[in-house]
Amino acid sequence: MIAEQFRWMGPIRLDLCAVWQCLKKVECPCALTMELDDGEIHKIKSGIKILGCAVNMVQHWEPKMRCNPYGLLDDGLMELFVIWEHASASRLLGGFVLLEKGIYEHADPNAFSTFRCKRILMEFPGPGVFNVDGECIIHDGRVEVSVMKQKIKLMGCRHTDVDPTPIETYGNTDPQNMV
């Protein structure tokens with residue numbers, strides 16, 4: 001990933017590299033298939049080119065960057081943010097300025113789109129790399145992402161020496177033993 005070679009700059013490198021990539025207009029052919037929040041299957045034909053995309057679950061990438069104003073952590077949806085190939089450099093810069101408030105789509109609705117989805121399939125012409133929260137992951141040309149509403153229930157014990165076997169096994173549901 002291009003930002004890795006600028007790690008010495010700190011977190012600002014991510015913003016600068018994203019802007020630089022968009023200004024260079026590095027396009028990527030991609031076919032998108034999404035199951036939207038209402039259950040409709042939405043397909044964007046193969047051959048369309050994007051400058052970038054992000055899958056989000058929360059509203060903020062950092063304290064002052066509200067990239068995803070629709071995001072709720074436990075609503076069973078994710079938001080796919082797409083920057084389309086035909087966006088002009090001035091529209092892209094305008095959109096980046098508006099990221100802080102989460103109103104980038106007002107810069108140019110034809111340049112930026114957000115889709116609320118349950119599932120996403122991204123198909124690329126061949127293998128590549130994508131980034132998951134800072135980790136580089138290799139893909140084979142297909143990236144599938146899905147979200148499940150409130151699927152993980154977290155519970156812990158107050159004592160560290162407690163056996164980690166699920167409570168249901170013992171039939172013990174005493175709330176005083178749980179955090």
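User: Is R116 buried, partly exposed or exposed, and what is its relative accessible area?

Analyst: A quick note first: this is a predicted model, where local features need pLDDT of at least 70, side-chain atom pairs count only at pLDDT 80 or more, and totals for chains, interfaces and linings use all residues. Residues are numbered from 1 along each chain as its sequence is written, and side-chain values use heavy atoms, with hydrogens and water left out. Buried means under 20% relative accessible area, exposed over 50%, and partly exposed in between (1.4 Å probe, protein chains only). So R116 counts as partly exposed, at 23%.

User: Which residue in strand β5 forms a salt bridge with R116?

Analyst: A salt bridge here is a side-chain nitrogen of Lys or Arg within 4 Å of a carboxyl oxygen of Asp or Glu. R116 has such a pairing at 3.1 Å, N to O. The pair links distant parts of the chain, 37 residues apart, with R116 in strand β6 and, in strand β5, E79.

User: Which residues are joined with R116 into one network by salt bridges that share partners?

Analyst: R116 also forms a salt bridge with D75, the closest N and O atoms being 3.1 Å apart. D75 lies in the loop between β4 (49-56) and β5 (78-84), so this pair ties together parts 41 residues apart in sequence. Through shared partners, the residues joined with R116 are D37, D75 and E79.

User: What is the relative accessible area of C117?

Analyst: C117 sits in strand β6 (residues 112-123), strands being DSSP runs of E, at least two residues, numbered from the N terminus. C117 counts as buried because its relative accessible area is 0%.

Note on methods
Helices (H or I, at least four residues) and strands (E, at least two) are DSSP runs, numbered from the N terminus.
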